Structure formats: structure tokens, C-alpha cells
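Q: Got a minute to go through this one with me? I'd like to start at the ligand.

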Amino acid sequence: MSKISLEENSVFNQMSQSGHQNVVFCRDEETGLKAIIAIHDTTLGPALGGTRMWAYKSEAEALYDVLRLSRGMTYKAAISGLNLGGGKAVIIGDSRTEKSEAMMRRYGKFINNLNGMYITAEDVGTSPKDMEYIRMETKHVTGVPESLGGSGDPSPVTAKGVFMGIKACVKELYGNDSLAGKSVAVQGIGHVGENLVHLLREENAKVYVSDIDEERLSRVAKKYGAEAVATHSIFDLDMDIYAPCALGATVNTETIQKMNCAIIAGAANNQLADEQVHGRMLLEKGILYAPDYLINAGGLINCYSEIAGFNKKRTMQLAENIYEATRNVLQKSKAENIPTIEAANKIAEKRIEDIKKIKASF
Ligand code: NAD
């Protein structure tokens, strides 16, 4: 049989470049559902990752996003020591106008057909209510409300993980991990940011806060005794730690040049505009960067706990493990003189390879 020739940008080619196992396309005429479920790697366990609903401009854009995000989940689970693989799903459409109970339940049936290979959760454009609808059709869903026996809001767990990541960096630079007197600028004081400010102030850190929401800014500053700063002047601050907790790509060529801090450690996803370029720039400038996907893994830990039936105390203990995991990454980065993001990727890849070997030996 002749070998099929693949177009440069074919789905199989893209899957092979990113190392994907399965990509499932789901379509339902009646509800208008168009979803793509990407399962990157299940070496460590079932692929877990949220479902994003977004009005993508093209199918190609949706596919690109779901492949990229699901691969990231494999790394996040692996570095956090969780027995989970990486997956993610996207529903193509406007979540404000095109979503319905019927669509979510139909989508739940598609997930159910995968027999637990993929477990979903909330993401941009989906809500706890959507998880409830999905749950009516499948048990392979997490992030359902606490009232239904779920793990509820992940933000306190995420904030705890970020806090532990910050402490691990402080220990690396200053020899002890006390935050008393250290200055921290928290950019974005939403669900995670506010919880983080609370933890930082409990340890007597000097906290600066910034947010585009003026009302929230003055409320949080007053409540925790933090100093409010204008969004545009955050990089003018002379601070020990910059904690991005709003948007991605805030660490880029322009901002790195301006930055006057020793540590970057926050909750936002994809903080580095370009992983390789900016990871190296930070290494060369001597700014210690705590890899985002490691220290913001609390959300994933919360979902994992829900599946495993762990209580809140155990969940917080798992988030505390981020301290040691961050220490390991920083030590590897130092020993090999490589950017911390590269050290984290290597540790995650090694764990997957090691587990693959023991699985193959049975
Ligand atoms: P959120 O929407 O509750 O909070 C974000 C805050 O950032 C809002 O208060 C918003 O006004 C503010 N903001 C937006 N643009 C800003 C800007 N330019 N400057 C300053 N502030 C700005 O979101 P969240 O749940 O707190 O998550 C924060 C970040 O952490 C996001 O990037 C999210 O993807 C990531 N994250 C969150 C979790 C979680 O458990 N919630 C888990 C992992 C990663």
C-alpha cells in the first residue's frame, strides 16, 4: 500500500509535531456543537484539561489553540507530580450567545464516549453551571460546584501554590524564605491575586497592587494594607518580586529591559511572550523566574483532588509541594546554567519517560 502523503499543515502533521495521541472532532447539527478534544499524552494518567469556548476565526485557529493548550497540560501535570495526562478541548462559538444546556449535554455525551481517557473542567467561556450540565451525561468532569460534591473555587489553592513558589525563589536568593520586608508587586487582584495579597500580607511583605478595575483596586489595597499603583507604572517600581496575576505575555523584550526586580513569580498563564527568547534574557539579566505552569498548578491540583476524593487539607498540602518542585527546578537551572523554564520542561519530560519505561516493563 502506498504511504499517504501529508500536506505540510495537515492535522496529522501538526499532531506529530506536538506529539499528540488523539484528536477528536465532535459535531452535532441540532445544538450547533463544534468541538475539538485534544489528548496529548496519557502516560501518567487520564488527560485532564478545561473546555474553552471561544469564537475562533477559523477551524485552523481552534485546532492550533487546542493542540498548544493540551500539550501544556501534560507538562503541568508531570511537573506537579500528579498522575494525570494532558488534554484540553475547545468549543467553537460565542459563549454569550451560542451556548445552551442541550449543547453542553451533547458535548458531555461525546466526553462519555471516551471512557475516561479525557476529563474536562472549566476554562475561558465555560462555567460551573456548564460543568453541571456535562455532569448529567458523564462522570468525567471536574470543577463542579461544592454544593454538588465538587471541589469548588480553585483560586485559593492556586494562590497558595504561587505563594509557595515565591517562597522557594526567596530561599534560593536570600538563604531563607521569610517574606517579611520583601516588596512584592501583584499585577491583577482578581480571584487569585486577592488571595495571594492576603497570604503575602500575613507574612508582612510590603505589597503593591495594580488593577484596571479601580474599585477593586482601592477595596483590596484598603482591606490588606497594600499600596495601590497605576497599571502603567508597575515596572517603574523598585521591587523584590513581580507577581503577574492578570494577563499573559507581560514578560517581553520591552518589559524585561525596564524591570527592576530579583524574582518573577505569579499566577498568569504564558507569562513569557516567547519561552526561549525571554527565558534566556531573564537568565542573562539575573532575574529568577518561577515557571508559570509549575507555580500556578493549584487549579489542576484542585481538580485532581476532586477526582481522587481528597479533602481541602490534603489539597492544600499538595499545593505546598510546589515549594520543593520549584526548588528542584531552580537548582537544575543553576547547575546546568539553563533558563528555569527549560529546566522545568526537562524535569517534566524525564518523569514521563521514566514512567513510560516502568509501564513497558510489565
Ligand atoms: P480574574 O479574572 O479573577 O482576575 C484577573 C484580574 O486582572 C482582574 O481583576 C482584572 O481586572 C485584572 N487585570 C486585567 N488586565 C489587567 C492589567 N493590564 N493590569 C492589571 N490588572 C489587570 O482571574 P484569576 O482567576 O484571578 O486568574 C488570574 C490569572 O491566573 C489568569 O491569567 C489565569 O489564567 C491564571 N490562572 C488562574 C487559575 C485559577 O485558579 N483561577 C489557575 C491557573 C492560572
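A: Sure. A polar side-chain atom of N269 lies 3.0 Å from an oxygen atom of the ligand. Polar contacts here are pairs of N or O atoms within 3.5 Å; within protein, one must be able to donate a hydrogen and the other to accept it, and residues adjacent in sequence count only if both atoms are side-chain atoms.

Q: How much of the ligand's accessible area does the protein cover?
A: The protein covers 74% of the 830 Å² that the ligand has on its own. Accessible areas come from the Shrake-Rupley method with a 1.4 Å probe, and for residues only the protein chains shown count as cover.

Q: Before we go on, what kind of model is this?
A: This is a predicted model: local features need pLDDT of at least 70, side-chain atom pairs count only at pLDDT 80 or more, and totals for chains, interfaces and linings use all residues. Residues are numbered from 1 along each chain as its sequence is written, and side-chain values use heavy atoms, with hydrogens and water left out.

Q: Back to the ligand. What does R216 do there?
A: A polar side-chain atom of R216 lies 2.4 Å from a ligand oxygen atom.

Q: And V192, which of its atoms lies 2.8 Å from a ligand oxygen?
A: A backbone N or O atom of V192.

Q: How many residues surround the ligand?
A: 20, and the closest are T158, H191, V192, D211 and R216. A residue is near the ligand if one of its heavy atoms lies within 4 Å of it.

Q: What's the chemistry of that shell?
A: Eight nonpolar, ten polar and two charged. Ala, Val, Leu, Ile, Met, Phe, Trp, Tyr, Cys and Pro count as nonpolar, Asp, Glu, Lys and Arg as charged, and the others, Gly among them, as polar.

Q: Which helices each supply at least two shell residues?
A: α5 (155–174) and α6 (191–202). Helices (H or I, at least four residues) and strands (E, at least two) are DSSP runs, numbered from the N terminus.

Q: New topic: where is Q187, and is it buried or exposed?
A: Q187 lies in strand β7 (residues 183–187). Q187 is buried, at 14% relative accessible area. Buried means under 20%, exposed over 50%, partly exposed in between (1.4 Å probe, protein chains only).

Q: What does Q187 touch?
A: Beyond neighbours within four places in sequence, its contacts include S210, I234, Y242 and T250. Contact means heavy atoms within 4.5 Å.

Q: What about the Y242 pair?
A: A polar contact of 2.4 Å joins the side chains of Q187 and Y242. The two are 55 residues apart in sequence, and 7.8 Å apart in space, C-alpha to C-alpha.

Q: How is the chain split into domains?
A: Domain 1 is 11–70 + 84–148, and domain 2 is 155–349. The bounds come from an automatic or database domain assignment. Their C-alpha centres lie 28 Å apart. The contact takes ten residues from domain 1 and seven residues from domain 2.

Q: Why look twice at a positive phi?
A: Because most residues other than glycine have a negative phi.

Q: Where does N115 sit, then?
A: N115 lies in the loop between α3 (101–113) and β6 (118–119). Its phi is positive, about 55°, although N115 is not a glycine. N115 counts as exposed, at 67% relative accessibility.

Q: And what phi does N204 have?
A: A positive one of about 60°, and N204 is not a glycine. N204 is in the loop between α6 and β8 (206–210). At 52% relative accessibility, N204 is exposed.
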